[in-house]
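Biologist: Hi! Could you walk me through the structure below?

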Amino acid sequence: MSPEQARTEAFCRRFGLKMPVLLAPMAGASPPSLSIAAMNAGSIGACGAVLMQPAEMIAWADEVRTGGHGPYQINLWIPDPPPRRDQAHEAQVRAFLERFGPAVPATAGDATPPDFSAQCEALLAIKPPIVSSIMGLYPSAFVARLKRAGIAWFANVSTVAEARAAEAAGADVVAAQGMEAGGHRGCFDAAQAERQLVGLLALVPAVVDAVKIPVVATGGIGDARGVAAVLLLGASAAQMGTALLRTPEAKLNPAWADALARTAPEDTMLTRAFSGRAGRSIATDYVRAAAAHEAPPAPYPVQRGLSAAMRREADKVGDVQRMQAWAGQSARLARAEPAGRVLRDIWDGARKLLGWSAD
């Protein structure tokens, strides 16, 4: 058995997996049905819970545990410092947004995410096998409580320095996220998100060499070739999000799902125009216009509140040009087939490319 295969099999044994191909936690795109399909295929369930109230988190976990057989993770977004407000600038942003959607009330930017402390308490009450983090690290006191509860911590990182910091803080695993990833970039420092753009093929071996804990590779992995590549580079597992968004279990808005099938790598852009935090989206009319507009987006989470009315209307009428249509650079590889079949096919294909025998 090769060292790569031994490392991967050890990771799967540790976390109760049948394959080292993981479902990524995606805020707003983590219905229980997708996690149940992934878990029953031998992968992992995953929930991006940044916008969920504690009761919603508990309900999600209850449904997943009832229908799925296997491990799952719940991901929280480490809060940013309070944003600096600029009413004159926000008025410019509101006027721009009104070109694409309904009128934006002056109070729209006051919207805030759910209480982080309450979400953390919900995690401890749920006691999932795994919790994960993005945009920073859990406070040390909470990490100690996770350890006492026997809950593993996967820390999402986007640089070598962040990976080292996560290991020092007690993370059990780091998920190294390349710049190709769809949705929000997991940079600890929001101001560095567009400056520290590291591709996955450069990031994974650098992180593997820098830390002693297992590394999960994520960002732009869309098929068996990507999985095989990152396992050879030293990752213990691969994680995919966009690649599973066209599956029926993802329950994505059809306009978004159909657009993914037409999206080449160069048809995506990093943008702050939806939330105020950098994320990779399909390069829609709105995203391109926002990039060219004289008034930059407001900071997170102010921009999320300001853009909410436009996003709701776009979802209602199925207009992908105004929709928050996150997409990784391998979006066109996503398949409109059952999630379990997609995961099994990708892992079977990767195993053949690697020359590894089936279990």
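Modeller: Happy to, starting with a term: two strands pair if DSSP finds at least two bridges between them, and strands (E, at least two residues) and helices (H or I, at least four) are DSSP runs numbered from the N terminus. This is a predicted model, where local features need pLDDT of at least 70, side-chain atom pairs count only at pLDDT 80 or more, and totals for chains, interfaces and linings use all residues. Residues are numbered from 1 along each chain as its sequence is written, and side-chain values use heavy atoms, leaving out hydrogens and water.

Biologist: Cool. What is the bridge partner of His184 in S11?

Modeller: That is Gly279. S7 and S11 (residues 279–282) pair in the antiparallel sense over 2 bridges.

Biologist: And in what order do the 3 strands of the open sheet come?

Modeller: The order is S7-S11-S10, with antiparallel pairing. S7 (183–184) and S10 (268–271) are the edge strands, each pairing on one side only.

Biologist: Switching topic: what is the volume of the largest cavity?

Modeller: About 60 Å³. On a 1 Å grid over the protein atoms alone, a cavity is a set of points where a 1.4 Å probe fits but cannot get out, and lining residues have an atom within 4 Å of a point. Grid points are joined across faces, edges and corners, and a volume is the space filled by probe spheres set on the points.

Biologist: Which residues line the largest cavity?

Modeller: Among them are Val93, Phe96, Tyr286 and His293. Helices H4 (87–97) and H11 (285–292) each give two or more residues to that lining.

Conventions: 1 Å grid on protein atoms, 1.4 Å probe; cavity = no way out; pocket = protein on both sides within 12 Å on 5 of 7 lines; lining within 4 Å.
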